[in-house]
Amino acid sequence: MDSAISDATTERRDAELSATADNGLKIVVVGGFGVGKTTLVRSVSEIRPLNTEETMTQAGRGIDETGGLEGLRAKTSTTVAFDFGRITLDAHNVLYLFGAPGQERFWFLWDRLFSGTLGAVVLVDPRRVEDSWYAIDRLEHHGTPFIVARNDFGGSTHTLAQLRDALDLDPGVPLVDCDARSRESSKNVLITLVEHLKTLYAAQETAK
């Protein structure tokens, strides 16, 4: 009974939000395979996230490579389209989160996901920095504002400054630490992105 009441309340709240929200703001979370994009969307979304994860099979051996990394050896599923979550900012603004698949064979989906995007988060595994280069390249190609978040996989031996150098980031691109499993940490990543976007738009207005 309590569950039924809770479900009814959630459905009513969602209907009210969809009726009052004027602006849907799109954010994309990108990065390499297994960096924690699905985890971040799940941890921060106020609704049960939509995801398109499928079980990894022998057909992916040698393509979706998990060897050599403790966290990935236990990975049994992978995103094959995108993850989707939502955060209500206020009565008129809703943030929609899209997590892009990380494997190279799904990169053709990225350009479509970037369409209409307000900004992006590049999630980085500091053990596999090179896996993030493509994401940064595509965002720069599209002219999409972004920040970079280093996901915590048990402590990094490199500083943020060293990571910035390895990624060849522009000094104006924010670089932060995060734990994608933590709701508060993931929220802070999104807050950093929103603040970065506000700064960029204010600078554009001043330049007019």
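Visitor: In which loop is R127 found?
Guide: At 36% relative accessibility, R127 counts as partly exposed (buried means under 20% relative accessible area, exposed over 50%, and partly exposed in between, with a 1.4 Å probe and protein chains only). Its C-alpha lies 9.8 Å from that of V35, a residue 92 places away in sequence. Helices are DSSP runs of H or I with at least four residues, strands are runs of E with at least two, and both are numbered from the N terminus. In these terms, R127 is in the loop between strand 6 and helix 5.

Visitor: At what pLDDT do side-chain atom pairs count in this predicted model?
Guide: Residues are numbered from 1 along each chain as its sequence is written, and side-chain values use heavy atoms, with hydrogens and water left out. The model is predicted: totals for chains, interfaces and linings use all residues, local features need pLDDT of at least 70, and side-chain atom pairs count only at pLDDT 80 or more.

Visitor: What percentage of the residues of the protein chain count as buried?
Guide: The protein chain has seven helices and eight strands. Its exposed area is about 11,300 Å², of which carbon and sulfur atoms supply 52% (Shrake-Rupley method, 1.4 Å probe; for residues, only the protein chains shown count as cover). Of its 208 residues, the buried share is 42%.

Visitor: Among contacts between residues at least 6 apart in sequence, what share joins residues at least 24 apart?
Guide: A contact means heavy atoms within 4.5 Å. Among contacts at least 6 apart in sequence in the protein chain, the share joining residues at least 24 apart is 73%.

Visitor: Which residues touch the most other members of the largest nonpolar core?
Guide: A nonpolar core is a set of buried Ala, Val, Leu, Ile, Met, Phe, Trp, Tyr and Cys residues joined through side-chain atoms within 4.5 Å. The largest one has 22 residues, and those touching the most other members are V30, V122, L139, F146, V148, L167 and L169.

Visitor: Which elements give two or more residues to this core?
Guide: One of its residues, L139, touches V30, F114, A120, V122, T144 and F146, with residues up to four places away in sequence not counted. Another core, of 20 residues, lies apart from it and has I27, V176, A180 and L197 among its members. The elements giving two or more residues to the largest core are strand 1 (23–31), helix 4 (110–114), strand 6 (119–124), helix 5 (133–142), strand 7 (146–151) and helix 6 (160–167).

Visitor: How wide is the arc of the buried residues of helix 5?
Guide: The buried residues of helix 5 are A135, I136, R138 and L139. Their cover includes strand 1, helix 4, strand 6, strand 7 and helix 6. The arc is that of the directions from the helix axis to the C-beta atoms. The buried residues of helix 5 lie on the same side of the helix, because their arc is only 165 degrees.

Visitor: Which residues is L167 in contact with, leaving aside its neighbours within four places in sequence?
Guide: L167 lies in helix 6 and is buried, with a relative accessible area of 5%. The C-alpha atoms of L167 and V124 are separated by 9.9 Å, at 43 residues apart along the chain. Outside its sequence neighbours, L167 is in contact with V124, V129, S132, W133, I136 and V148.

Visitor: What is the phi of D168?
Guide: D168 lies in the loop between helix 6 and strand 8 (175–178), and at 65% relative accessibility counts as exposed. Most residues other than glycine have a negative phi. D168 is not a glycine, yet its phi is positive, at about 55 degrees.

Visitor: How far apart are the ring centres of F84 and Y96?
Guide: Rings of Phe, Tyr and Trp (its six-membered ring) pair if their centres lie within 6.5 Å; planes under 30 degrees apart count as stacked, over 60 as edge-to-face and the rest as tilted. A search of the whole structure finds two aromatic pairs. F84 and Y96 form a stacked pair, with 20 degrees between the planes and a centre-to-centre distance of 5.8 Å.
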